[in-house]
Amino acid sequence: MSTENRVDILAGEEAKSHSRFLDFWELTRPRLSMLSVITAIVGCLAAQPQFNLYLLAYLILGTSLAAGGAAALNQWLERDADARMERTRDRPIPSGTVSPGLAMVYGLALCIGGDLLLLMGINGLAAFLALLTQLSYLLAYTPLKKHTPLSTELGTIPGAIPPLIGWAAAEGGISLLGWLLFAIMICWQIPHFMAIAWTHRHDYAKAGFLMSTVVEPSGRLSARKSLVFTIGLLVTSLLPTFFGFTTIYYAIVAVAAGLWMLHRALRFCRSEIRDEAARQLFITSIGYLPLLLAALVLDRWLLA
C-alpha cells in the first residue's frame, strides 16, 4: 500500500471518528443542556456561598451529564416524531447515524453518571433534584405532548428545577430566593416556547404534538398565554428586591428587561404580524434571561 493511500485511509478514519463524536454531541442537545447548566450555576452563586471551585466543578459536570443524558433519552423516545419534522429529521437517530439502542444506553449512562456525581460530590438533595428533572421531563412532559396542550405548562417544571439544584449545592436546602428563581424560570419559559411553537406549528402538527398552536391554529390562545406569563415574569422578577434580597439596581434591570419582553408579547397578540412578532419574542427571550440572571448574581455578590 502506498504512503498516499495510507494517508487517505487515516484521514478518512479521522473524519469518521470526528463525525461520530459530533453525532453523540448532538444527542445531548448542547444548547438546551447548557441552559440547565447556566441556571444551576446562577442558583449556586445567587445563594452567595463562599466560593468553592471544587463544588462548582462537580455542579457543572454533574448537571452537564444529567441534562445531556435527559436530552438523549428524549430524542430516543421521540425518534419517530423527529423523523416527521423538517427541523429534527436530521438528528442522529432519525437520520440513522446513531442506532436507537445505542442512543438509549448512552442517555442512561449520562443520566446515571451525572446523578452520581452530584450525589457523591455535592449532596443528596442536588442529586434528587437532578433525578426529578429527568423523570418529569421524560415521563411526564415528553409523552403528554401528544395528549394535551397543557404539556407546555407542565414542561416548565423540569425546565425550572436546575436553579434549585445549584441552590441545594450551595446551601444544602432551598430558601425563598431559590424558589423565586424557580418561579422566574417558570414564567420565562411560556412566552419563549410559545414563540417557538408558533413558528414551527406545522412541524408540530406533522409529529402529532398537541401544542396550543396546533389545537387552536389562529394563535390567539398561545399569544394570550405568552402575555399572561410575561406579566407574571415582570412581577416575579421584582420579588427579590421586594423581599430585600437585591438592591434597586437589580430592580431597574428587571423592570427594563421585563418591559422589553412585555412589548414583544403584546406584538405577538396582533394576528396580522404574528409570524414576525413570534420571531422577535423568541429573540428577545434569549436576550432577556442572561441579562436578568447576570444582574441578579452581580447584585448579590457586589451590591447587596
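## Helix packing, a pocket and a cavity

In this predicted model, the α2 and α9 helices are oblique to each other, because their axes cross at roughly 40°, an angle that falls in none of the parallel, antiparallel or perpendicular ranges. The two axes come within 6 Å, and α2 passes α9 in a right-handed crossing. On the α2 side, the residues that meet α9 are Ser36, Thr39, Ala40, Gly43, Cys44 and Ala46. Their partners in α9 are Pro162, Pro163, Gly166, Trp167 and Ala170. Sorted by class, this contact of α2 with α9 has seven nonpolar and four polar residues, with no charged ones.

Let us follow the chain just past α9. Gly172 sits in the loop between α9 (162–171) and α10 (176–199). Which residues does Gly172 touch, leaving aside those up to four places away in sequence? They are Asn123, Leu125 and Trp167. Trp167 is also one of the α9 residues that meet α2. Leu125 lies 47 residues from Gly172 along the chain, yet their C-alpha atoms are separated by 6.9 Å.

Leu125 falls within helix α7 (residues 124–144), which packs with α3 at an angle of about 15°, their axes 10 Å apart. That angle is under 35 degrees, so α3 is roughly parallel to α7. The crossing of α3 past α7 is right-handed. From α3 come Ala66, Ala70, Leu73, Asn74 and Leu77, and they meet Ala130, Gln134, Tyr137, Leu138 and Thr142 in α7. This contact of α3 with α7 has seven nonpolar residues, three polar and no charged.

A further pair is α10 with helix α13 (residues 220–242), packed at an angle of about 155° with axes 8 Å apart. Here the angle is over 145 degrees, which means that α10 is roughly antiparallel to α13. In this pair, α10 passes α13 in a left-handed crossing. The α10 residues in the contact include Leu177, Leu180, Ile184, Trp188 and Met194. Among the α13 residues they meet are Lys225, Phe229, Gly232, Leu233 and Pro240. The contact of α10 with α13 divides into 14 nonpolar, six polar and one charged residue.

For easy reference, here are the three helix pairs together.

| Helix pair | Angle between axes | Axis distance |
|---|---|---|
| α2 and α9 | roughly 40° | within 6 Å |
| α3 and α7 | about 15° | 10 Å |
| α10 and α13 | about 155° | 8 Å |

Now for the spaces in the model. The second largest pocket has a volume of about 200 Å³. Its lining is made of Trp25, Thr28, Pro30, Ser33, Met34, Val37, Ser64, Leu65, Gly68, Tyr106 and Leu110. Which element gives the most to the lining of this second largest pocket? The answer is α2, with four residues. At least two lining residues come from each of α2 (30–46), α3 (53–77) and α6 (100–121). By class, the lining of the second largest pocket holds seven nonpolar and four polar residues, and no charged residues.

How many cavities of 30 Å³ or more does the structure hold? There is one. The largest cavity contains about 30 Å³ of space, and the residues that line this cavity are Cys44, Leu45, Pro49, Gln50, Phe51, Asn52, Leu55 and Leu56. The elements giving two or more residues to this lining are α2 and α3. The residues lining the largest cavity divide into six nonpolar and two polar, with no charged ones.

To draw these threads together, let us come back to α2 and α3. Helix α2 meets α9, and α2 also supplies residues to the linings of the second largest pocket and the largest cavity. Cys44 appears both in the contact of α2 with α9 and in the lining of the largest cavity. Helix α3 likewise contributes to the second largest pocket and to the largest cavity, and α3 packs with α7.

Note on methods:
Residues are numbered from 1 along each chain as its sequence is written. This is a predicted model: local features need pLDDT of at least 70, side-chain atom pairs count only at pLDDT 80 or more; totals for chains, interfaces and linings use all residues. Side-chain values use heavy atoms; hydrogens and water are left out. On a 1 Å grid over the protein atoms alone, a cavity is a set of points where a 1.4 Å probe fits but cannot get out, and a pocket is an open set with protein on both sides within 12 Å along at least five of seven lines; lining residues have an atom within 4 Å of a point. Grid points are joined across faces, edges and corners, and a volume is the space filled by probe spheres set on the points. Ala, Val, Leu, Ile, Met, Phe, Trp, Tyr, Cys and Pro count as nonpolar, Asp, Glu, Lys and Arg as charged, and the others, Gly among them, as polar. Axes are lines fitted to C-alpha atoms, for helices over the stretch in contact, and angles run from 0 to 180 degrees between N-to-C directions. Angles under 35 degrees count as roughly parallel, over 145 as roughly antiparallel, 65 to 115 as roughly perpendicular and the rest as oblique. A crossing is left-handed if the near helix is turned anticlockwise from the far one by less than a right angle, and right-handed if clockwise. Contact means heavy atoms within 4.5 Å.
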